[in-house]
Amino acid sequence: MAQSVVLKRTPLHAVHVSMGAKMVDFGGWDMPVQYSGLVDEHHTVRKGVGLFDVSHMGEIEVRGPEAVRLVDYVTTNAASRLHIGQAQYSGLLYDHGGFVDDILVHKVADDHFFLCVNAANQEKDFEHICAANQFNAQVEFASDRYAQIAIQGPLALRTLEQLTPVELGAIGYYWFKDGTVSGVPARIARTGYTGEDGFELYVAPAEAPRIWNELLNAGRDYGIKPCGLGARNTLRLEAKMALYGHEIHASITPYEAELGWMVKLDKGQFIGRAALAKQKEQGVRRKLVGFEMRGRGIGRDGYEVRLDGVPAGWVTSGSPAPSLNRNIGLCYLPASDVRLGRAIQVMVRNQPVEAETVSTPFYKRAKTA
Amino acid sequence: MSYPESLRYTKEHEWVRAEGDIGTIGITDHAQKELGDIVYVDLPKVGAKIEQGKSLGSVESVKAVSDIYSPVSGEVVEVNETLAQAPEKLNQDPHGAAWLVKVRLSAPDEVKTLLSAADYQTYVGAES
């Protein structure tokens, strides 16, 4: 295929190509969309352990005595309430309340925060944060210093523990520890985008191929498989985790996206607060809701949704759900029409197909002892 | 995977096998690999008229939906009904059991305009 733009590559690109992954242009990055097959990889993560290269994600470091004030000012969640070693999901908003990005905030030290941001948004996020930096904090665009590997699934801990002296069981969900993996420094976070237990590792790019291979070796007895972005998408959708550009974007607020829990209006001033406070008082006009197809067809991203035959909203993400054997999706509908079990019609290639709103998440992992 | 000599191919990754005035149509191994896990196949009904280069239906994988472009023109005389229940067969045997439709060819010479197995192999080799 003729390539008019040079795609960006992660430090693991050569590994993916040599292992036979199918590569695609993902927001300007040449990324593996699948290895053995999307459905196979999906089940591998639900039942065992899978490995993802997510090095395209961006990293921004905020340091200095005023770091917490800057992070609190540019995000919706309360960074000031984090403990050292704790992470939180948060939103970067515009003044009007729409999303610049959704991000993970890690508190490394009282004067050091580590932000993990979406690949396609990283430059925009950095500029947004710098522009709001009236606190004289140091903001560093650090993406070039980190590769990110996600190891996900019920057997992720038993795989990773072979390569690290860090006691992984002591790291709680949405906590992290700085330690070593394969003998080199690694930030080990118990976070993920699959709805399963697992870890996200931030390591030096030069070490990523060796760590990747050692993880595959360590997980061999557990049936570990390298996985692509295709499975990552079906896994996150079943768990109803938002994807920037789909469920959330510049015209969507956290309340509309049912992410009000990540907004702490009581924490003090932050960008977007006034707009959110007003929206909270007045109520949202549209809301994100899950649906399942009842008729034959799959409601995909961007498809129109109708209520009683009248155009009323749009699908943000839709796919067969490999763990549920159903065709699921998320859509925006007028808030007054959102109730469970509401019949909707999704326009699939100009034909209305029956669907029904359902509760979410579609998939929730069983609590392990 | 080798591409059978008995089939002729399109650049849109369909194939046709002409036997007398009947053409059997399918998608190629390359196509099923590109699509990934196939979950739906939409096919025309018996009696439908189809035209070379026009959409005759669609295949849908977990990831995306793609049109199937007909390699030849004619009238549909048989539809592979097993694919409705077992669309994954398209991932397993695209050149054999998972054929899509059979048509009575209205312009049998169209087949000659299509790619040979060797040419198709070169084409997909160059594309990927």
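**Exercise 1. Take A:Glu258 and work out whether it counts as buried, partly exposed or exposed.**

Start with the neighbour count: A:Glu258 has 18 C-beta neighbours inside 10 Å. Next, bring in the cut-offs: a residue is buried at 20 or more and exposed at 12 or fewer, with partly exposed in between. With its 18 neighbours, A:Glu258 therefore counts as partly exposed. Bear in mind that this is a predicted model.

Now for the backbone. Phi of A:Glu258 is near 60°, which is positive although the residue is not a glycine. Most residues other than glycine have a negative phi. As for its place, A:Glu258 sits in the loop between helix H7 (229-238) and helix H8 (273-282) of chain A.

**Exercise 2. Do the same for A:Asn325: is it buried or exposed?**

Count first: A:Asn325 has 7 C-beta neighbours inside 10 Å, so it counts as exposed. Then check phi, which is near 55° for A:Asn325, again a positive value in a non-glycine residue. Finally, locate it: A:Asn325 belongs to the loop between strand S16 (310-321) and strand S17 (326-334) of chain A.

**Exercise 3. Find which peptide bond next to A:Pro361 is cis, and say where this proline lies.**

Look at omega for the bond from A:Thr360 to A:Pro361: it is near 0°, and the bond is cis. Most peptide bonds are trans. Then trace the chain: A:Pro361 comes in the segment after strand S19 (351-358) of chain A.

**Exercise 4. Lay out the open sheet of chain A that has 6 strands, and decide which strands stand at its edges.**

Step one is the order. Reading across, you get S10-S11-S12-S9-S3-S13 in chain A, with mixed pairing. Step two is the edges: strand S10 (176-181) and strand S13 (225-227) of chain A each have a single partner strand, so each has one side without a neighbour in the sheet. Step three is the twist, which averages 30° from one strand to the next.

Now zoom in on one pair. Strands S11 (residues 184-189) and S12 (residues 198-203) of chain A are antiparallel partners over 4 bridges. In that pairing, A:Ala186 is opposite A:Val203 in S12(A).

To finish, add the helices. Helix H2 (residues 38-47) of chain A lies across strand S3 (50-53), strand S9 (147-152) and S13, at about 115° to S13(A). Helix H6 (residues 208-218) of chain A lies across S3, S9, S10, S12 and S13, and its angle to S9(A) is about 10°.

**Exercise 5. Step back to the whole of chain A: how compact is it for its 369 residues?**

Tally the elements first: chain A has 8 helices and 19 strands. Its radius of gyration is 21 Å, close to the 21 Å from the globule rule, so chain A is as compact as a globular protein of that length. The C-alpha atoms fill a box of roughly 60 × 50 × 50 Å along the principal axes, and 47% of the residues of chain A count as buried.

Next, split the chain up. The division gives domain 1 (13-55 + 146-238), domain 2 (58-144) and domain 3 (285-369). The centres of domain 2 and domain 3 of chain A are 32 Å apart.

**Exercise 6. Describe the side of chain B that touches chain A.**

Count the contacts: 7 residues of chain B meet 10 residues of chain A. Then sort the chain B side by type, which gives 2 nonpolar, 1 polar and 4 charged residues.

Key: Residues are numbered from 1 along each chain as its sequence is written. Chains are lettered from A and ligands numbered from 1 in the order in which they are written. This is a predicted model: local features need pLDDT of at least 70, side-chain atom pairs count only at pLDDT 80 or more; totals for chains, interfaces and linings use all residues. Two residues are in contact if their C-beta atoms, placed from the backbone, lie within 7 Å. Ala, Val, Leu, Ile, Met, Phe, Trp, Tyr, Cys and Pro count as nonpolar, Asp, Glu, Lys and Arg as charged, and the others, Gly among them, as polar. Helices (H or I, at least four residues) and strands (E, at least two) are DSSP runs, numbered from the N terminus. The radius of gyration is taken over C-alpha atoms; the globule rule is 2.2 Å times the number of residues to the power 0.38. Two strands pair if DSSP finds at least two bridges between them. Axes are lines fitted to C-alpha atoms, for helices over the stretch in contact, and angles run from 0 to 180 degrees between N-to-C directions. Domain bounds come from an automatic or database domain assignment.
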